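I'm opening a fresh notebook page for this one. The plan is to look things up one by one and jot down what turns up.

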Amino acid sequence: MDPIAVPAPPRSAYNPNRRVSDLLYSQLKHFQHVELKRGDLGIDPEIARNIHTEAGAAQYIAAITRALRGKNSAAASPTTPNQPKQTPAKKSPAKLTAKPVARNNKGKR
Amino acid sequence: MELDRTLPGIQSLKHVVVLMMENRSFDHMLGALKATNSNIDGLTGTESNPDTTGATVTVQPLAEYQSQLDPDPNHHFAAVNLQIFNSTQHGPPLPANMQGFVASYFNQQQNTQHSHDILYYFTPDKLPVLTTLATQYAVFNRWFASIPGPTICNRAFAHYGTSFGQVSMDVFYEGKDIPAIYVRLLNANHTCKLFYFDEASSTMEVVNLLQNQPSLFGTFPDFLSACQQNALPDYCFIEPNYTDHPAPDGSGEAIANDQHPDHDVRAGEQFIATVYNAIRGNPNLWPNTALLVVYDEHGGIYDHVSPPACPPDSPFVAQPADTGTLDAFAFDRLGVRVPAILISPWVAAGTVINDTFDHASIPATVSDFLQLPAGNRSVREQNANTFLGNLTLTTMRTDDECPTFVVQSQNS
């Protein structure tokens with residue numbers, strides 16, 4: 001049986017500025033719940049506020065996931081450009097203000 | 001049905017792998033296959049819904065990879081109630097006529113023409129991976145979402161056999177007395193792992209499993225390494241990438257591959273192929289592994305099959321304030337049908353499975369196969385069908401009889 005080719009999506013399919021979906025919004029709320037409950041994860045508040053796009057949300061999710069899995073230091077992570085410094089978290093995380101996509105909104109590119 | 005442990009495929013089996021994708025219905029992804037295999041309960045092309053003008057809109061093979069199902073179709077409980085029963089207020093005893101999908105999608109944008117897109121389905125040539133796997137292995141005609149609702153509560157059924165009475169995305173189930181399948185496996189000295197794509201995508205299982213048992217988790221590269229090193233656990237569950245984001249390791253762009261609208265479906269095809277190839281390409285792994293590719297829920301997209309009733313998930317009941325309708329919900333009927341494919345060299349090509357399954361079948365199957373102590377399991381899991389009995393071949397398929405995929409780069 002000959003191998004079957006699986007084409008890649010075009011470059012244009014990638015849109016990190018896409019507004020967060022309802023699913024991602026819910027995932028973010030769960031992460032915020034954990035951050036608030038733990039109070040000691042050391043998440044940069046600037047990261048916690050910048051969660052309106054998929055890329056912004058991903059950065060916040062990565063920070064908490066690393067913290068939960070015991071990788072608290074940015075310096076310990078593989079090299080990533082523009083890795084923000086982590087500062088001690090405030091007692092309450094930034095309020096989730098991101099709104100899920102409900103209307104036709106392709107986001108900015 | 002009791003598992004026949006004399007089957008050669010079962011005697012060889014060491015690993016069960018589940019890949020759960022996002023938000024596509026059976027007819028949307030596989031409905032076109034009825035034309036080439038009448039045993040597959042797909043589309044005849046005459047299925048329809050009324051639109052908000054009263055016009056009859058027929059299903060069309062016009063699904064596109066991206067930018068069509070935007071805005072995202074509503075798949076919360078009340079919207080799915082409309083899709084199934086054509087009512088925003090009540091479910092049974094109204095007939096489940098599957099006539100409310102266009103009306104439901106109209107509510108997202110108030111655009112009559114655009115609302116028709118919810119009936120579009122893919123031609124097989126556009127989905128080379130899913131089409132090949134469905135026709136070369138075993139496709140389920142009757143795998144349904146566990147509840148007629150959204151992602152997180154449906155995924156909970158795959159992990160716990162229940163959503164603890166939740167029909168929404170607010171599933172903060174901490175301290176519950178039904179352990180996840182992973183805990184049960186570990187307690188019985190088996191190995192297991194949840195592989196998320198990367199830390200920036202992470203898992204949907206945040207509040208309970210990631211917070212309390214972070215060592216259960218690994219990344220997709222960890223999965224690939226485990227395959228290469230013959231180190232797969234007894235059971236593992238794979239989550240796709242849920243967002244477009246710069247890869248945390250600095251390697252470039254990580255495109256969402258979960259196939260959740262409006263992410264490009266081709267990225268998900270490549271992801272499924274990569275998972276399959278990792279197992280298929282290791283001769284030490286392929287004979288000993290069963291892979292289930294399944295979707296968590298239908299995403300609000302059309303399917304023609306009415307979801308069946310099921311044993312209520314006692315003692316859980318969701319009240320009208322939670323369902324968004326005028327009815328309570330006793331978890332006594334399933335959600336809309338989703339694509340599900342069982343892959344193994346011990347499965348005959350062209351197999352079509354007609355028994356009823358939902359995501360509670362996943363912990364039920366794993367628990368049954370590995371003969372875990374009965375323990376505390378949900379009513380739904382106790383009553384769920386298991387799927388490994390479909391590894392029925394007496395002789396393993398040869399290498400030439402099993403497909404492989406070439407995942408092309410962007411400039412190919």
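Leaving aside its neighbours within four places in sequence, which residues is P363(B) in contact with? I looked and found F157(B), A158(B), G161(B), I181(B), R184(B) and E381(B). Contact here means heavy atoms within 4.5 Å.

**Ground rules**

I'm noting that this is a predicted model, where local features need pLDDT of at least 70, side-chain atom pairs count only at pLDDT 80 or more, and totals for chains, interfaces and linings use all residues. Residues are numbered from 1 along each chain as its sequence is written, chains are lettered from A and ligands numbered from 1 in the order in which they are written, and side-chain values use heavy atoms, with hydrogens and water left out.

**Confidence**

I checked how sure the predictor is, using pLDDT (its confidence in each residue, from 0 to 100). Chain B has a mean pLDDT of 96, and 99% of its residues reach 70 or more. For the complex, the predictor gives an ipTM of 0.94 and a pTM of 0.93.

**Chain B as a whole**

I looked up the secondary structure next: chain B has 14 helices and 13 strands. Helices (H or I, at least four residues) and strands (E, at least two) are DSSP runs, numbered from the N terminus.

For overall dimensions, I found that the C-alpha atoms of chain B fill a box of roughly 60 × 50 × 45 Å along the principal axes. The radius of gyration of chain B is 20 Å, which agrees with the value near 22 Å for a compact globule of 412 residues. That radius is taken over C-alpha atoms, and the globule rule is 2.2 Å times the number of residues to the power 0.38.

I then asked about burial, and 63% of the 412 residues of chain B count as buried. The cut-offs are under 20% relative accessible area for buried, over 50% for exposed, and partly exposed in between (1.4 Å probe, protein chains only). Chain B exposes about 13500 Å², with carbon and sulfur atoms supplying 48% of it. Such areas come from the Shrake-Rupley method with a 1.4 Å probe, and for residues only the protein chains shown count as cover.

Of the contacts in chain B with a separation of 6 or more, 76% are between residues 24 or more positions apart.

**Back to P363(B) and its helix**

P363(B) sits in helix α13 of chain B and is buried, with a relative accessible area of 0%. I also paired P363(B) with L216(B), 147 residues away along the chain, and their C-alpha atoms are separated by 16 Å.

Why is helix α13 of chain B called largely enclosed by the rest of the structure? Because eight of the nine residues of that helix, residues 361-369, are buried. The buried ones are S361(B), I362(B), P363(B), A364(B), T365(B), V366(B), S367(B) and F369(B). After α13(B) comes Q371(B), whose phi is positive, near 55°.

**R377(B)**

I moved on to the loop between α13 and α14 (379-383) of chain B, where R377(B) lies. Is R377(B) buried or partly exposed? It counts as partly exposed, at 23% relative accessibility. Neighbours within four places aside, R377(B) touches I178(B), R184(B), S367(B) and Q382(B). R184(B) is 193 residues from R377(B) along the chain, and the two C-alpha atoms are 10 Å apart.

**Backbone oddities**

I found a cis peptide bond from D70(B) to P71(B), with omega near 10°. P71(B) is in the loop between β3 (56-58) and α3 (77-85) of chain B. The bond from S314(B) to P315(B) is cis too, with omega near 5°, and P315(B) is in the loop between β10 (289-295) and α12 (320-323).

Then I looked at positive phi outside glycine. N23(B) has phi near 55°, lies in the loop between β1 (15-21) and α2 (26-30), and is buried at 0% relative accessible area. Q110(B) also has phi near 55°, in the loop between α4 (101-109) and α5 (112-115), but counts as partly exposed at 44%.

**Chain A**

Last page: chain A has three helices and one strand, running β-α-α-α from the N terminus on. Of its 109 residues, 46% count as buried. The accessible surface of chain A comes to about 5600 Å², and 53% of that belongs to carbon and sulfur atoms.
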